[in-house]
Amino acid sequence: MGKQQWTPKIVGFLCNWCCYAGADMAGTSRMKYPPNIRIIRVMCSSRINAEMILKAFQTGADAVFIGGCHPGNCHYVDGNYRTKKRIDVLKRLLSHMGIDERRLRLEWVSAAEGEKFSQTMQSLADEIEQMGPNPLHLTGGKTYER
Amino acid sequence: MKVGVYICHCGVNISSTVNIDNVVETLKNVANVAVCKDYQYMCSDPGQEMIKSDIAAHGLDRIVVAACSPRMHEPTFRAAVSDAGLNPYCLEMANIREQCSWVHEDKERATEKAVSLVKSAVAKASLLEPLESTKIPVTHSALVIGGGIAGIQSALDIANSGYKVYLVEREPSIGGHMAKFDKTFPTLDCAACILTPKMVDVARHPNIELLTYSEVERIDGSVGSFHVTVRERPRYVDMETCTGCGQCASACRLAGRILSDFDYGLAKRSAIYVPFPQAVPLKYTIDPDSCLMITRGKCGKSPSCVEACDRGAIDFEQVEKVHEFDVGAVVVATGYNEFQAKQRPEFGYDRFENVLTGLELERYFSPNGPTGGKLVINGKVPKSVVFVSCVGSRDKRVGNAYCSRVCCMYIAKQAHLIKEKLPDTDVTVMYTDMRAFGKGYEEFYERVQKEGVHYRRGNAAEVYEEDGRLHVRAEDTLLGEPYEVEADLVVLGTGLRPPSSADGIASMLHLSRSSDKFFLEAHPKLRPVDTVIDGVFLAGCAQGPKDIPDSVAQACGAASHVVNLLSKDHIDAEPIIAIVNEDGCVGCRTCEQLCPYEAHAFDEKRGVMTINKALCKGCGSCAAACPSGSISMNHFRDDQIVAQLLEVL
C-alpha cells in the first residue's frame with residue numbers, strides 16, 4: 001500500500017451483540033463513514049485485554065476503538081462494566097507513555113444505533129486526523145517488539 | 001494448512017464498490033491460501049457446492065468466506081463446511097458488505113480495506129482449531145418453585161407431557177393469591193370455581209410430587225442437571241393419616257382465637273388449621289407460633305387436638321424433612337407480595353379500621369371470608385365507598401415507577417360487586433389514568449360506569465377522620481379543583497411488589513433482576529419466559545405484574561420451553577467457551593469473581609480453577625483478566641485475535 005498520504009489507521013474491537021450489530025446496521029442503512037477503521041469481532045468487549053490494545057498501538061494503529069453494549073444491556077450481564085474499568089485504567093497508562101488517551105475510545109453502541117456508529121467513526125477519524133500519527137511510529141514504531 | 005478463500009459479489013452489493021478481481025489476485029499470494037475464488041452469490045446452493053467440492057478436491061482444512069456479516073450467514077457456511085466433512089468451527093468470515101462495501105464510496109480505499117479484512121480472516125482461520133460441542137445429559141424432570149396459578153399451570157403442562165415435576169410451595173396449601181379472590185375480572189368467574197379443579201389435578205397427578213410448607217434451600221448444577229435441596233417444615237400432623245376432617249381444629253383450646261393470615265387477620269382460626277376449606281393438600285397444619293404445646297410445651301392435661309383425632313395423625317415429635325432430587329430444568333413462579341399500604345401513611349391504613357387494601361376487601365366478598373361474603377365491615381354496611389388507585393404503583397416516592405397492571409381492573413370489579421350487593425351505596429373511584437387494556441376490559445369498565453360508579457380523575461391526597469366519618473381529599477385533575485368525599489369505607493388499590501423470596505432465589509440461581517426488582521427475562525420482547533441462565537424459566541408475576549390470563553399464558557410458555565428441553569436426552573453445549581490451562585493456572589482465583597454465571601469452581605485439592613462447560617457462555621472476560629494468561633477463550637484466543645490485528649494494520 002502506497003504511503004503517499006497519511007491517513008489514520010484505526011482498529012475497532014466490537015462486541016458481537018451490540019456494537020458489531022450496530023456497525024452492520026450502519027451498513028444496512030448505507031450510512032457512510034471513512035474507511036480507516038478495521039473491525040475485529042469479539043463476543044464481548046470484556047474479552048479485550050490491555051496487551052491487545054498495546055499491541056495495536058505498537059504495530060501501527062493510530063487509534064483503537066472499543067464498542068460494547070449500553071450499561072444494563074450487556075449480553076453477558078455486566079461484561080461492559082468491566083470493560084469500562086479496564087479501559088479507564090489503560091487510558092491513564094497510555095497518557096503516561098506519551099500516547100494521547102483520546103486515541104483509545106470506548107463507546108456504547110446498541111444494535112439499533114447504526115447512525116451513532118457511523119457518526120462515531122466519522123468523529124474519531126476526524127479527531128485522529130487532526131492529532132496526527134501515533135507518536136510511537138515517528139520513533140520507528142516497532143521498538144517495543146518482543 | 002490449506003485455506004480456501006471465497007469472495008462473494010453479492011450481486012452488485014459488494015462488487016460495485018470493491019474490486020473483486022483485485023482482492024482475489026492479492027489473496028492468491030497470501031501464505032496458507034490454497035484456493036481463492038469469487039462467485040456471484042456464495043450463499044446460494046452453487047456457491048456452497050463450490051466450497052464443498054473444493055474441500056474434497058483440494059483437501060482444504062480451513063475456509064474463509066468474504067461476504068456479508070457473520071451474523072447473517074455464518075450458520076449457513078458452517079453447515080456447508082460441516083456437510084463436506086470439515087469441522088464447522090474451521091470457518092471464518094470477513095464482513096466486506098455491511099462493514100465495507102455498503103459504508104464506503106471510494107472504490108480504491110474500499111478495495112484496500114476489503115483486502116486487509118480478508119487477509120485478517122485468513123490469519124485467524126490459519127489458527128482456528130476444530131471444536132467439539134460437549135454433550136450434556138438431561139435429567140427428565142423439572143422443578144417448579146411457587147404454587148400459585150402460574151406454578152400450577154406450568155406444573156400441570158409439564159406433567160401432562162409425561163415428565164416428573166416437583167412443585168414446591170412455601171405455604172401449607174397451593175393456590176397462591178388467586179385462592180383469596182372472590183370473582184375475577186372482567187368475566188366475573190368465581191375464582192375458586194376455576195382454580196380449585198386445577199389444584200385438585202395437581203394433587204392427583206401421578207407425575208407431580210407436591211412439596212408444600214417447603215422451601216427451596218439450595219440449587220447446584222446447571223442446565224440438564226440441577227441438584228435441588230428442599231426443606232419441608234414440620235406440620236406436626238402426619239400427611240398420610242390426616243383426612244382433613246377438622247375435628248382437631250374444633251377441639252383446639254385456641255379455637256377462634258388466632259388471627260388467620262390467609263384472611264389478613266380479619267378472621268380467626270385455631271392453632272391447628274387449614275388456610276381455606278379447598279386447600280390442597282387438605283391436611284391440617286399446627287401453627288408453631290401459637291400452639292400451646294409448641295410454644296409452652298403444655299396444653300391442658302393433654303392436647304385436645306390429639307384427643308379429637310381418632311386417626312392419631314398428630315405428632316409433636318415431627319421434625320424438618322430434607323428432600324434432595326435432580327431436575328433438568330427450573331420454573332421460577334414465585335409470584336408477588338402486596339404493596340405495604342402503611343408506606344403511604346397519608347391514607348391512614350394504620351390508623352383507621354375502615355381503610356382496607358384491595359386484597360382485604362376481596363376476603364370480605366368471599367363466601368369463605370370473615371363475613372361469609374356479606375359486606376359488613378366492622379359491624380356496619382358501608383353507605384359510601386371510595387377507591388384510591390395507584391397505591392404503591394407509578395409512585396417513585398416509594399421506589400415503584402411501574403404500573404401494577406391489575407389495580408384499575410380489580411377496582412372496577414370490586415366497585416361492580418359493591419353495586420351488585422348494595423345498589424344504594426355510593427361508589428367513587430379516584431383514578432390516575434384508567435388502564436383497561438385486556439380483552440373485554442374496556443367494555444367492563446364502561447359497564448361499571450353505567451352501573452353508577454363515579455370515576456373521578458386525579459390522585460387522592462389524604463384520608464382523615466372527622467365526626468366519626470372518613471373524609472378523602474383529592475384533586476379532580478379534569479376540572480382542576482380540589483374536592484372531598486365522605487366515606488364509610490376507603491379501599492386502597494395497592495399494587496404488586498416483587499416477591500420477598502426473590503433475593504434468595506436470585507442468588508441461588510444467579511438470576512438477574514430488572515430495576516424494579518422483578519426477575520429479568522432474557523429478552524424483553526423475544527425471550528420473555530427465558531432467563532440468562534440456561535434451563536431456568538419464568539412464569540407469572542415473578543417476572544413483573546400480570547393479570548391471571550397473562551400469568552397463565554406465560555406459565556404455558558415456560559412449560560413448553562421446559563418440555564422442549566426435557567424432550568432431549570442430551571443438549572449440545574456451545575464449544576465457544578473458556579478453557580483453563582491447568583499447568584499455567586496459579587490458583588489466584590481472579591477469574592472466579594468476574595464470571596456472572598459462576599461457571600468457575602476452584603479445585604482446592606489441585607489448586608487450580610475449573611470451568612463448567614455447561615455454565616460458561618463464552619464472553620471471554622476471564623481470559624482477558626487471567627494474570628498468568630492461563631485461560632484461553634475458544635475461537636477467540638489471544639493469538640487468533642492478535643493475528644487478525646497484525647493483518648489489518
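This section describes the fold of chain A, the interface of chain A and chain B, and selected salt bridges. The model is a predicted one.

Chain A contains five helices and four strands. Read along the sequence, these elements run in the order β-α-β-α-β-α-β-α-α. The radius of gyration of chain A is 15 Å, close to the 15 Å that the globule rule gives for 146 residues, so chain A is as compact as a globular protein of that length. The C-alpha trace of chain A spans about 40 × 30 × 20 Å along its principal axes. Of the 146 residues in chain A, 55% are buried. Contacts in chain A often bridge long stretches of sequence: among those between residues at least 6 apart, 80% join residues at least 24 apart. Chain A also holds a network of salt bridges, which links Arg105(A), Glu107(A), Lys116(A) and Glu127(A).

Chain A and chain B meet in an interface. On the chain A side, 45 residues are in contact with chain B, and on the chain B side 41 residues are in contact with chain A. The size of an interface is often given as the accessible area lost when the parts come together. For chain A and chain B, the buried area is about 3900 Å². Carbon and sulfur atoms give 59% of that area.

Polar and charged pairs also cross the interface of chain A and chain B. The rule finds two salt bridges there. One of them can be described at the level of side chains. Arg41(A) and Glu74(B) meet in a salt bridge, with an N to O distance of 3.1 Å. In addition, 19 residue pairs are in polar contact across the interface, both residues being at pLDDT 80 or more.

Several elements of chain A give two or more residues to the side that touches chain B. The strands are β1 (10-15) and β2 (37-42). The helices are α1 (19-28), α2 (50-58) and α3 (79-97). With seven residues, α1(A) gives the most to this side. By class, the side of chain A that touches chain B has 24 nonpolar, ten polar and eleven charged residues.

Over all chains, the structure holds 48 salt bridges. Three pairs within chain B are described here. In the pair of Arg218(B) and Asp220(B), the closest N and O atoms are 2.9 Å apart. Arg218(B) counts as partly exposed, at 46% relative accessibility. Asp220(B) also counts as partly exposed, at 28%.

Glu320(B) forms a salt bridge with Arg231(B), with the closest N and O atoms 2.7 Å apart. Glu320(B) lies in the loop between α10 (304-308) and β17 (321-327) of chain B, and Arg231(B) lies in strand β12 (residues 225-232) of chain B, so the pair ties together parts that are 89 residues apart in sequence. Glu320(B) has a relative accessibility of 40% and counts as partly exposed. Arg231(B), at 28% relative accessibility, counts as partly exposed too.

The side chains of Asp395(B) and Arg397(B) also meet in a salt bridge, at 3.4 Å from N to O. Here a buried residue is paired with an exposed one. Asp395(B) has a relative accessible area of 5%, under the 20% cut-off, and is therefore buried. Arg397(B) has a relative accessible area of 67%, over the 50% cut-off, and is therefore exposed.

Notes:
Residues numbered from 1 in each chain as written. Chains lettered and ligands numbered in written order. Predicted model: local features only at pLDDT ≥ 70, side-chain atom pairs only at ≥ 80, totals over all residues. Heavy atoms only, no water. Contact = heavy atoms within 4.5 Å. Buried area = accessible area lost by both parts, 1.4 Å probe. Salt bridge = Lys/Arg side-chain N within 4 Å of Asp/Glu carboxyl O. Polar contact = N/O pair within 3.5 Å; in protein donor to acceptor, adjacent residues only side chain to side chain. Nonpolar A, V, L, I, M, F, W, Y, C, P; charged D, E, K, R; others polar. Rg over C-alpha atoms; globule rule 2.2 N^0.38 Å. Buried < 20%, exposed > 50% of the residue type's maximum accessible area, 1.4 Å probe, protein only.
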